[in-house]
Amino acid sequence: MAKLVECVPNFSEGNNKEVIDAVAQAISQTPGCVLLDVDAGASTNRTVYTFVGSPEAVVEGALSAARVAGQLIDMSRHSGEHPRMGALDVCPFVPVRNVSMEECVTCAHIFGQRLAAELGVPVYLYGAAARHESRKALPSIRAGEYEALPEKLAKPEWAPDFGPPTFVPRWGATVTGARTFLIAYNINLLCTKELAHRIALNIREQGRGPDQPGRLKKVQGIGWYLEEENMAQVSTNLLDFETTPLHTVYEEICRDAQELNLPVVGSQLVGLIPKKAMLDAAEFYIKKEKLFILEEEQKIRLVVNRLGLDSLSPFHPRDRIIEYLVEAGEVDGGLVAKPLGAFVRAVGARSAAPGGGSVSAAAGALGAALGSMVGLMSYGKRQFEDLDPIMRKLIPPFHQAMEELVAMVDADSHAFSSYMEAMKLPKNTPEERERRTAAMQQGLKAAVGVPYGLAEKVSGLWPALKELARHCNLACKSDIQVGAKMLEAAVFGAYFNVMINLKDITDEKFKLVMSQKVSGLLEEAKQGSAVVLALLDKRVA
């Protein structure tokens, strides 16, 4: 799949629609860039743009936007609630797909160098792109904001990474860098700016200073007031939502607000959010409230409700979750996006991929889907009410495996394609032949890894399938029988695909270990399927 980088430039204009639209147009008209979101704030007087593209394209898109901003934004007249130091205040590059952090650092360096050269403005590097430890954190660079720049630029320790150490009144200074996905998340409070900021100091990692750190790691925070909404907000940046999740920030702020007898009235996401952050929050509330929800769409709806994400404006997941936007912008959705007939015809075409590996993954996904279906047909009905606790435990593994095995339909095809691409590499010199051989070996190992992963995933379903066979609605007996054989067939297919690719791998230790493991999984699948069928045969309707 193509390399994809996200770029999230923050421009210091949130009220003038002509300026906001002009910057957006500059990005969207850049070849290879897809503008995903434009989030303007009146009180903050700031607009956050989110777009994606190849590493080269996003650098060009950011430069195009900066050129427009240089003509239309005058920082000497700017004021707003959000800390800022430049017309283009900050411009991070974020890895999304098939891109390393190092490649995003390169994007930041190229962008910063070109921006400084073209516009003659000072540029600082932060995050993973920082050249100095003291500049890794954005607030450290932005301390004092725009107004402090004349004095700051005169100090040798604050010489910019690119551009002149001189104050440019219309522009200020720009910070660029590379980072993981940042979530800009604000919690609404009916209180004063000062009380909101008090809570922000409690929860942000920086706290009130070195001697009084806050409670939440990798979280920045500030309190401000939204005049247009007549409410305060604790505005936060989640620098790593895996370290401190979205729901933790919300719950901690609610706790502090409750102690101060302050009402929390929902929250707001600025820009886009990774799907995993939403699903992690859903799992928290599902566990906390002992809920039973399977569908991704319903889980996201739960989070919107529990966090009040639609309190200030409608929250449309298809427009706010980055994976959905990227998928919508892709012309080729892969094999799984094809109608069944088209998928079958693709398998039947004169092409090595998709082949047996993709078909095995499809068979496994269908087997898991039948397990999920049988569980759901045995759940939520008065006649099977006593089975509800059992089915609540048995259904989720099948539903999750179904989604993961569907993804393997394309993953198998892509894995084999990497081997085919390696075969096309030049082989004229000894060095080229060595690189080609290494790439082919790596491609073969990848081609082995996907079907082996399929067999492992199915292996985890046999205990649940046996339990389902003991308790399920017998009207679905044939469905679970078919499901068992589909899962067994998927492992057979995985076994054959592993073995045929192992024969050309030169790493003998790898070959022996993988051969033994996949053979064991095949035997387990044969026995598991046989046990499920035997259990069903013993049951009488």
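**Exercise 1. Burial and pairing of strand 10**

Determine how many residues of strand 10 (residues 231–238) are buried, and into which two sets they divide by direction.

*Solution.* Step 1: strand 10 is mostly covered, since eight of its eight residues are buried. Buried means under 20% relative accessible area, exposed over 50%, and partly exposed in between (1.4 Å probe, protein chains only). Helices (H or I, at least four residues) and strands (E, at least two) are DSSP runs numbered from the N terminus. The structure is a predicted model, in which local features need pLDDT of at least 70 and side-chain atom pairs count only at pLDDT 80 or more, while totals for chains, interfaces and linings use all residues. Residues are numbered from 1 along each chain as its sequence is written, and side-chain values use heavy atoms, with hydrogens and water left out.

Step 2: Met-231, Gln-233, Ser-235 and Asn-237 point one way, whereas Ala-232, Val-234, Thr-236 and Leu-238 point the other way; all of these are buried.

Step 3: strand 8 (residues 183–189) is joined to strand 10 by seven bridges, in the antiparallel sense. Two strands count as paired if DSSP finds at least two bridges between them. Here Asn-188 has Gln-233 as its bridge partner in strand 10.

Step 4: strand 9 (residues 219–226) also pairs with strand 10, antiparallel, over eight bridges. Val-219 stands opposite Leu-238. These two strands form a hairpin with four residues between them, and Asn-230 in the turn has a positive phi of about 55 degrees.

**Exercise 2. The partners of strand 1**

Which strands does strand 1 (residues 4–7) pair with, and in which sense do they run?

*Solution.* Step 1: Leu-4 and Glu-6 point one way from strand 1, Val-5 and Cys-7 the other way, and all are buried.

Step 2: strand 5 (residues 88–97) is joined to strand 1 by four bridges and runs antiparallel to it. Glu-6 stands opposite Val-94 in this partner.

Step 3: strand 4 (residues 46–53) is joined to strand 1 by three bridges, again antiparallel. Cys-7 stands opposite Phe-51 there.

**Exercise 3. The largest nonpolar core**

Identify the elements that give two or more residues to the largest nonpolar core, and the one with the largest share.

*Solution.* Step 1: the core is a set of buried Ala, Val, Leu, Ile, Met, Phe, Trp, Tyr and Cys residues joined through side-chain atoms within 4.5 Å. Among its 57 residues, Met-391, Leu-405, Leu-454, Val-458, Leu-465, Leu-468 and Ile-480 touch the most other members.

Step 2: the contributing elements are helix 12 (340–347), helix 13 (356–377), helix 14 (388–423), helix 15 (430–459), helix 16 (462–471), helix 17 (477–502) and helix 18 (508–538). Helix 14 supplies the largest share, eleven residues.

Step 3: with neighbours within four places in sequence left aside, Leu-465 is in contact (heavy atoms within 4.5 Å) with Phe-398, Ile-480, Ala-484, Leu-487 and Val-532. Apart from this core lies another, of 54 residues, including Ile-20, Ala-24, Tyr-49 and Val-105.

**Exercise 4. Two loop residues**

Are Arg-204 and Leu-190 buried or partly exposed?

*Solution.* Step 1: Arg-204 lies in the loop between helix 6 (193–203) and strand 9. Because its relative accessible area is 14%, Arg-204 is buried. Not counting residues up to four places away in sequence, Arg-204 touches His-197, Gly-214, Arg-215, Leu-216, Val-219, Gln-220 and Gly-221. The C-alpha atoms of Arg-204 and Thr-236, 32 residues apart along the chain, are separated by 7.9 Å.

Step 2: Leu-190 is placed in the loop between strand 8 and helix 6. Because its relative accessible area is 43%, Leu-190 is partly exposed. Beyond neighbours within four places in sequence, Leu-190 is in contact with Met-231, Pro-263 and Val-265.

**Exercise 5. Helix length and positive phi**

Compare the expected span of helix 7 (residues 246–259) with the distance between its end C-alpha atoms, then locate residues with positive phi.

*Solution.* Step 1: the expected span is 1.5 Å times one less than the number of residues. The 14 residues of helix 7 should therefore span 20 Å, and its end C-alpha atoms are 21 Å apart, which agrees.

Step 2: just after helix 7, Asn-261 takes a positive phi of about 55 degrees. Most residues other than glycine have a negative phi.

Step 3: Glu-145, in the loop between helix 4 (138–142) and helix 5 (149–153), has a positive phi near 60 degrees. Lys-218, in the loop between helix 6 and strand 9, has a positive phi of about 60 degrees.
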